[in-house]
Amino acid sequence: MPSFRNPTDLRTIVARLDRLTEQMPPKWGRFTAPKMLAHMTDACRMALGDLPVAPKKVPLISRFPFKHLVLYVLPFPKNSPTAREIIARAPEPFEVERTQLKVLIARLDGNTGRQPHPIFGPLTPDEWGVLGYKHLDHHLRQFGV
C-alpha cells in the first residue's frame, strides 16, 4: 500500500502535487485547488498533532475489520463528510499552501500519532502514512492529477 513513509511513494505524490495548478477545476465536489491544498495542509497538521480536531462518534469504524477496510481496501468515496476543523480555514496563496503541504507530508514519515484520528482513533505511524497518502491521492484525482 502506498504511504508517505515510503520515499518512492512520497516522491511520486509530490511530483503529482507539482502538476496541480490553481485554475484546475474539480471533477467532483466543491473544493477549488487552493481550498483543497488548505484542507490537505490542515489534515497533515491534524495528523502531526498541531491542529486539534474533535472526535466523531462512529464506534464500529475505529475497529477491525472496518478500520482495515477503509485504510487498506476501499477507495475514499467522493463527497465524503470531513471534520469541520480541516475545512474551516481560508487558503493562503496557492504556492504558499503547496509549499506548506510539501513540508508537512515530509514530516509524516514517522513523526505522527500525537493525537487520535477523529474517526479511526489511535493510528500507528504506518497507518497515518497510508491514510495520508490515500487522502492526498483522492484529492489529486479530484483535480485530474
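This is a short talk on the salt bridges, the main pocket and a few surface and loop residues of one structure, which is a predicted model.

I will start with the salt bridges. The count comes to 11 in this model, and I will go through three of them.

The first pair sits in helix 2, which runs over residues 33-48. Arg45 and Asp42 are three residues apart in that helix, or about one turn. Their side chains meet in a salt bridge, with 2.8 Å from N to O. Are the two partners buried or exposed? Asp42 has a relative accessibility of 2%, so this residue counts as buried, the limit being under 20%. Arg45 has a relative accessible area of 25% and is therefore partly exposed.

The next pair is of another kind. Asp50 and Arg107 meet through their side chains at 3.6 Å, N to O. This salt bridge links distant parts of the chain, since Asp50 belongs to the loop between helix 2 and helix 3, while Arg107 belongs to helix 4, 57 residues apart. Asp50 is partly exposed, at 37% relative accessible area. Arg107, at 29%, counts as partly exposed too.

The third pair is in helix 5, residues 125-142. Here Arg141 and Asp137 form a salt bridge of 3.0 Å, N to O. They lie four residues apart, again about one turn of the helix. Arg141 is partly exposed, with 37% relative accessible area, whereas Asp137 counts as buried at 18%. Coming back to the pair in helix 2, which residues are joined with Asp42 and Arg45 into one network? They are Arg89 and Glu97, through salt bridges that share partners.

Now the pocket. The largest one has a volume of about 940 Å³. Of the 38 residues in its lining, the closest to the pocket centre are His39, Ser80, Pro81, Thr82 and His135. Which helices each supply at least two lining residues? Helix 2 and helix 5 do, and these are the helices that hold two of the pairs I have just described. As for the make-up of the lining, 24 residues are nonpolar, 11 are polar and three are charged.

Next, the loop between helix 3 and helix 4, where helix 4 covers residues 94-107. Asn79 is placed in this loop. What is the sign of phi at Asn79? It is positive, near 60°, in a residue other than glycine. For context, most residues other than glycine have a negative phi. Asn79 has a relative accessible area of 57%, which is over 50%, so this residue is exposed.

Leu51 is in the loop between helix 2 and helix 3, the loop that also holds Asp50. At 14% relative accessibility, Leu51 counts as buried. The C-alpha atom of Leu51 is separated by 8.5 Å from that of Ile86, and the two residues are 35 apart along the chain.

Last, the surface. Which residues form a nonpolar patch there? The patch is made up of Phe66, Leu69, Val73 and Leu74, with about 330 Å² of accessible area together. One of them, Val73, lies in helix 3, residues 66-73.

To recap, I covered three salt bridges out of a count of 11, a largest pocket of about 940 Å³, the positive phi of Asn79, the buried Leu51 and a nonpolar patch on the surface.

Definitions and conventions:
Residues are numbered from 1 along each chain as its sequence is written. This is a predicted model: local features need pLDDT of at least 70, side-chain atom pairs count only at pLDDT 80 or more; totals for chains, interfaces and linings use all residues. Side-chain values use heavy atoms; hydrogens and water are left out. Patches are made of residues with over 30% relative accessible area and no salt bridge: like charges are joined within 9 Å, nonpolar side chains (Val, Leu, Ile, Met, Phe, Trp, Tyr) within 5 Å. Accessible areas come from the Shrake-Rupley method with a 1.4 Å probe; for residues, only the protein chains shown count as cover. A salt bridge is a side-chain nitrogen of Lys or Arg within 4 Å of a carboxyl oxygen of Asp or Glu. On a 1 Å grid over the protein atoms alone, a cavity is a set of points where a 1.4 Å probe fits but cannot get out, and a pocket is an open set with protein on both sides within 12 Å along at least five of seven lines; lining residues have an atom within 4 Å of a point. Grid points are joined across faces, edges and corners, and a volume is the space filled by probe spheres set on the points. Ala, Val, Leu, Ile, Met, Phe, Trp, Tyr, Cys and Pro count as nonpolar, Asp, Glu, Lys and Arg as charged, and the others, Gly among them, as polar. Buried means under 20% relative accessible area, exposed over 50%, partly exposed in between (1.4 Å probe, protein chains only).
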